[in-house]
Amino acid sequence: MINLGQMMRQLATLSLVYLLRLTNHASVLARSSSAATTVLLATCIGVSVIRVADASSSDEQRGSGQQQLTAGKLRSLGEVALSERKYDEAASYYGQAIKAEPDNGMNYYKLYSVHKRMRSLSAALNDITRAVELNGTKADWRIQKAKLLVNLGRCDEAHEEYAEALKHAGDAKKEKEIVDGGKDAGECSRLTQRAMEAYQSEDWEGAVVHFNQVLSYTLDTPDLLFMKAQAEYHTGDHYGAISDTGKILKNYPKHIEAYELRGAAYSRLNEMDMAVKHYREGLKLDPEHKGCKEGHRFVKKITKKDKKADDAFEKGEYQKAINLWWEAMNTDISLLSFVRPTLLKVVKAHIGLKEWDKAIEEAKKHVDNEESVEGLHAMGEAQLAAERFDEAVRWYQRAMEIAPDDRKRECQQKVEEARVALKQSKEKNYYKILGVPRNAKLKEIKKNYRELALKWHPDKNVEGDSEKAEKMFQDISEAYEVLSDKELRGKYDRGEDVFENQGGGGGGGRRHHMDPNMFFNQHFQHGGGRQQRGQRMHFQYGG
């Protein structure tokens with residue numbers, strides 16, 4: 001058959017020959033320079049056309065050479081590419097072999113092996129199914145199809161395929177392999193049925209057990225893995241749900257339900273930032289997805305109120321903080337991973353308000369729900385603030401009993417602090433004198449000292465019980481001198497002697513070594529600075 005290049009060359013050659021024959025009339029052409037030029041131009045064009053035709057013919061011949069590769073040669077090239085792990089190239093060669101020999105099952109089997117290596121199991125199943133359709137007597141092919149069906153969780157079909165393979169086993173060894181494979185497929189099928197029954201009846205613990213058994217047979221079953229993750233979520237195994245949905249998203253990054261479930265699991269663990277992140281990933285895929293929208297809205301509502309409450313607490317607006325925290329907790333009171341730590345913050349706020357009984361009540365809710373070191377410490381702190389020192393010691397000791405080894409030292413320190421407070425309560429309690437909790441900051445200590453010093457200053461109590469006022473004024477000044485000094489306060493909190501020759505950690509007699517009136521004047525002159533040498537100040541009342 002003459003190709004296009006050859007036809008072009010023949011036409012160009014004929015044209016050139018015709019033009020050259022005109023040279024027989026040279027005498028005529030010689031009389032006309034324009035005619036000679038025309039002949040020369042035509043000759044050049046003809047030669048150019050011949051060259052183009054030759055090039056076209058060569059390209060077609062090379063292309064024809066490639067198209068003429070046999071299916072066997074293409075399979076060989078595919079095997080070389082496969083051995084070099086050039087999977088896309090191997091798949092291309094086997095695809096061409098299929099076009100060359102569409103009724104040869106071997107071509108489909110080879111393509112199946114590539115797709116399986118690429119973990120494109122659905123495509124691999126299509127390939128091996130076609131191979132078996134073209135040559136159903138090959139037991140090995142049917143065995144491979146059955147194994148792949150099990151990997152995909154289609155165990156009923158796998159069991160049927162093993163039964164067909166058994167008809168073409170050929171030898172005892174192959175027959176044993178098929179029988180064993182059939183048993184595994186049958187067991188996988190039975191376990192799948194049990195898992196589905198447990199899942200549908202909301203027997204979540206049973207579902208997890210059976211899905212785990214099924215998944216030990218399978219390789220790529222995102223639907224079964226997702227149902228297992230749902231069951232784990234309902235049993236409270238939120239870490240398990242996060243792990244399994246993570247496996248799904250690794251292979252199926254557009255699985256929106258996995259994003260939703262993962263977000264919900266993170267929220268149950270009070271990892272709100274991660275929850276928001278996954279809900280947003282789901283909403284990128286479908287901005288109107290109901291589950292992701294509701295989950296995102298829920299998390300943002302809680303975190304917003306919690307943040308406002310934290311800010312209010314830092315400003316000393318304790319009641320506002322309490323109200324906001326309860327609003328956040330009541331959004332879903334079953335969300336214990338959020339409610340429990342938030343309840344501890346509520347306890348601190350009540351202590352800040354000096355509502356000791358309420359603080360103890362909220363701490364008890366935490367402990368009654370489940371004992372923890374944090375909850376027991378909160379209870380101890382509330383009891384300590386309420387000056388129930390025996391109770392504080394007891395709660396701190398209980399915390400030490402259940403504490404892990406890496407927290408024993410911390411708990412022991414709490415016990416010692418409570419014992420010191422108990423001892424000091426029977427002597428002179430500087431915190432009680434100033435009316436501040438043991439964890440009070442310097443600003444609060446200074447504020448209370450100023451108020452009490454003004455109230456009990458001897459100059460203001462000349463007509464009343466002057467002796468009592470003098471004693472109170474001395475105690476207030478002594479308490480402030482100790483608690484306003486970081487080093488002295490540390491000694492006092494540890495139960496050590498604060499002043500020389502004290503002998504008893506704060507009890508009995510006057511131990512401060514500064515005149516109370518001088519101490520008062522130093523702290524009440526302009527700007528709170530120290531009095532200049534030789535200057536005496538008297539507080540003026542009535543304004």
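Which helices each supply at least two residues of the lining of the second largest pocket? In this predicted model, the answer is H18, helix H20 (373-385), helix H22 (408-425) and helix H26 (486-493). The pocket itself holds about 600 Å³ of space. Its lining is made up of 24 residues, and Leu384, Tyr396, Lys414, Glu417 and Asn439 are the closest to its centre. By character, this lining divides into nine nonpolar, four polar and 11 charged residues.

A step back to the whole chain helps to place these elements. The protein chain has 543 residues, of which 42% count as buried. Its secondary structure comprises 27 helices and zero strands. Among contacts in the chain with a separation of 6 or more, 51% are between residues 24 or more positions apart.

The largest pocket comes next. About 700 Å³ of space lies within it, and 18 residues form its lining. Tyr318, Gly352, Ala440, Lys441 and Glu444 are the lining residues that lie nearest the centre of the largest pocket. Helix H16 (290-314), helix H18 (336-352) and helix H24 (442-456) each supply at least two residues of this lining, and H24 gives the most, with four residues. Sorted by character, the lining of the largest pocket has five nonpolar, four polar and nine charged residues. Helix H18 thus appears in the account of the largest pocket and in that of the second largest pocket.

Helix H24 also holds isoleucine 445. Is this residue buried or exposed? Isoleucine 445 has a relative accessible area of 0%, so it counts as buried, the cut-off being under 20%. Leaving aside neighbours within four places in sequence, isoleucine 445 is in contact with Leu434, Val436, Ala440, Tyr480, Leu483 and Arg489. Ala440, one of these partners, is also among the residues nearest the centre of the largest pocket. Tyrosine 480, another partner, is 35 residues from isoleucine 445 along the chain, yet the C-alpha atoms of the two are separated by 7.3 Å.

Attention now turns to the nonpolar cores. In soluble globular proteins, nonpolar side chains tend to be buried together. Here the largest nonpolar core has 29 residues, and Ala90, Val114, Leu125, Ile128, Leu148, Tyr162 and Ile178 touch the most other members. At least two residues of this core come from each of helix H4 (71-83), helix H5 (87-100), helix H6 (105-117), helix H7 (121-134), helix H8 (139-151), helix H9 (155-166) and helix H10 (172-200). Another core, of 28 residues, lies apart from it and includes Ala241, Ala321, Leu335 and Val346. Within the largest core, tyrosine 162 offers a useful example. Beyond its neighbours within four places in sequence, tyrosine 162 is in contact with Ile143, Ala146, Lys147, Ile178, Gly181, Gly182 and Ala185.

Lys147, one of the contacts of tyrosine 162, leads on to the charged pairs. Side chains of opposite charge can pair when their charged atoms come close. The count for this model comes to 43 salt bridges. In one of them, the side chains of glutamate 177 and lysine 147 meet at 3.6 Å, N to O. This pair links distant parts of the chain, with glutamate 177 in helix H10 and lysine 147 in helix H8, 30 residues apart. Glutamate 177 is partly exposed, at 32% relative accessible area, and lysine 147 is partly exposed too, at 34%.

A salt bridge within one helix is formed by lysine 176 and aspartate 180, at 2.9 Å, N to O. Both residues lie in helix H10, four residues apart, about one turn of the helix. Lysine 176 counts as exposed at 53% relative accessibility, whereas aspartate 180 is partly exposed at 32%.

Aspartate 310 and lysine 345 form a further salt bridge, the closest N and O atoms being 3.1 Å apart. Because aspartate 310 lies in helix H16 and lysine 345 in helix H18, the pair ties together parts that are 35 residues apart in sequence. Aspartate 310 is partly exposed, with a relative accessible area of 26%, and lysine 345 is partly exposed at 25%. Elsewhere, Lys228, Glu232, Asp244 and Lys247 are linked in a network of salt bridges.

Technical notes
Residues numbered from 1 in each chain as written. Predicted model: local features only at pLDDT ≥ 70, side-chain atom pairs only at ≥ 80, totals over all residues. Heavy atoms only, no water. Core = buried A, V, L, I, M, F, W, Y, C linked by side-chain atoms within 4.5 Å. Buried < 20%, exposed > 50% of the residue type's maximum accessible area, 1.4 Å probe, protein only. Contact = heavy atoms within 4.5 Å. 1 Å grid on protein atoms, 1.4 Å probe; cavity = no way out; pocket = protein on both sides within 12 Å on 5 of 7 lines; lining within 4 Å. Points joined across faces, edges and corners; volume = space filled by probe spheres on them. Nonpolar A, V, L, I, M, F, W, Y, C, P; charged D, E, K, R; others polar. Salt bridge = Lys/Arg side-chain N within 4 Å of Asp/Glu carboxyl O.
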